Amino acid sequence: MTIQNKHVTQDMFHVPSETFPNIISKDALVHYYGIVFSQRSSNACFNELLNGISWQQDQAIIFGKNINTKRKVAWYGSSAYKYTYSNTTKLALPWTPLLLQIKGKVEQVTGETFNACLMNLYHDGSEGMAWHSDAEKDLKPNGAIASLTFGAERKFSFKHKVTQEKIDVLLENGSLLMMAGPTQTHWMHRLPPTTKVSSPRINLTFRTIINQC
Ligand SMILES: O=C(O)CCC(=O)C(=O)O
Ligand SMILES: [Mn+2]
């Protein structure tokens, strides 16, 4: 099943989440808000983030070996939060003015608050992210994760951990998706690689870190 939303909103303030129904009916809370940044702002954000963010090569464990991925990542937050995943620990850099502005907009639209952001830079469709859930011990249990896309449109997939049911969403330039409640406990998600996309995409996932000052 693929969900598409052509709802275009340039100046979207907090919108009750029931306006954007839960796109996964079972064991999850996932809202797709569609495009929340105009194409012009999205392109400007993309360029500023591409050049102004401290992008680093990410590590992944494949067949038990630590390898560098082609995808780049960055970790920013309200404090020098540690975030440990795939055997590596990152220390958050302080928000840039643009990231703070974007965070404010995401908080306005979702009605949630966030204190950190994990960012991914996919150079083209050959780069993606494998099946996983975001439930590390550093994250608020059942906390909302808001995922913003700038650049290339990509398919994003969910898979139920028990039933294996799959749901796909198309993540458009300037669009926002929020996962909350039991989603990470019962579902995995991934960004599948594709030969159909040759341009880059930046993804920002706003999160809440707990038990760190
Ligand atoms: O790029 C995406 O849309 C997904 C990123 C993701 O799942 C993550 O950073 O945990
Ligand atoms: Mn994730």
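**Exercise 1. Which residues surround ligand 1?**

Solution. The structure is a predicted model, and the shell is read from it residue by residue. Ligand 1 is surrounded by Leu-118, Asn-120, Met-129, Asp-134, Ser-147, Phe-156, Leu-171, His-189, Leu-191, Asn-203 and Thr-205. The next step is to place these residues in their elements: strand 8 (116-122), strand 14 (187-191) and strand 15 (201-207) are the ones that give two or more residues to the shell. The last step is to sort by class, and here the shell around ligand 1 has five nonpolar residues, five polar residues and one charged residue.

**Exercise 2. Describe helix 1 and find which of its residues are buried and which are exposed on the opposite face.**

Solution. Begin with the span of the helix: helix 1 covers residues 39-52, which makes 14 residues, and from its first C-alpha to its last it reaches 19 Å, close to the 20 Å expected at 1.5 Å a residue. Next, pick out the buried positions, which in helix 1 are Ser-42, Cys-45, Phe-46 and Leu-49. Seen down the axis of helix 1, these buried residues fall within an arc of 105 degrees, so they line one face of the helix. This agrees with a general rule: an α-helix has 3.6 residues a turn, so residues three or four places apart point the same way. On the face turned away from the buried side, helix 1 carries the exposed residues Arg-40, Asn-51 and Gly-52. Finally, look for the partners of the buried side, whose residues pack against helix 2 (97-110), strand 10 (145-151) and strand 15.

**Exercise 3. Explain why Phe-150 counts as buried, and list what Phe-150 touches.**

Solution. First locate the residue, since Phe-150 lies in strand 10. A residue is buried if 20 or more other C-beta atoms lie within 10 Å of its own, and Phe-150 has 26 C-beta neighbours inside 10 Å, so Phe-150 counts as buried. Leaving out residues up to four places away in sequence, Phe-150 touches Ser-42, Cys-45, Phe-46, Leu-49, Asn-173, Gly-174 and Ile-202. One of these partners shows how the chain folds back on itself in space, for Phe-150 and Gly-174 are 24 residues apart in sequence and 5.3 Å apart from C-alpha to C-alpha.

**Exercise 4. Which members of the largest nonpolar core touch the most other members?**

Solution. The largest nonpolar core has 49 residues, and those that touch the most other members are Val-106, Cys-117, Ala-146, Leu-176 and Leu-177. Strand 8 gives the most to this core, with six residues. To follow one member further, take Leu-176, which touches Tyr-33, Val-36, Val-106, Val-109, Ala-146 and Leu-148 when residues up to four places away in sequence are not counted.

**Exercise 5. Compare the surroundings of Asn-142 and Gln-164, two residues with a positive phi.**

Solution. For Asn-142, phi is near 60 degrees, a positive value in a residue other than glycine, and for Gln-164, also a residue other than glycine, phi is near 70 degrees. Asn-142 is in the loop between strand 9 (129-132) and strand 10, whereas Gln-164 is in the loop between strand 11 (154-160) and strand 12 (166-171). The last step is to count neighbours: Asn-142 has 13 C-beta neighbours inside 10 Å and therefore counts as partly exposed, while Gln-164 has 7 and therefore counts as exposed.

Notes. Residues are numbered from 1 along each chain as its sequence is written. Chains are lettered from A and ligands numbered from 1 in the order in which they are written. This is a predicted model: local features need pLDDT of at least 70, side-chain atom pairs count only at pLDDT 80 or more; totals for chains, interfaces and linings use all residues. A residue is near a molecule or strand if its C-beta atom, placed from the backbone, lies within 6 Å of it. Helices (H or I, at least four residues) and strands (E, at least two) are DSSP runs, numbered from the N terminus. Ala, Val, Leu, Ile, Met, Phe, Trp, Tyr, Cys and Pro count as nonpolar, Asp, Glu, Lys and Arg as charged, and the others, Gly among them, as polar. The expected span of a helix is 1.5 Å times one less than its number of residues. A residue is buried if 20 or more other C-beta atoms lie within 10 Å of its own, exposed if 12 or fewer, and partly exposed in between; C-beta atoms are placed from the backbone. The arc is that of the directions from the helix axis to the C-beta atoms. Two residues are in contact if their C-beta atoms, placed from the backbone, lie within 7 Å. A nonpolar core is a set of buried Ala, Val, Leu, Ile, Met, Phe, Trp, Tyr and Cys residues joined through C-beta atoms within 7 Å.
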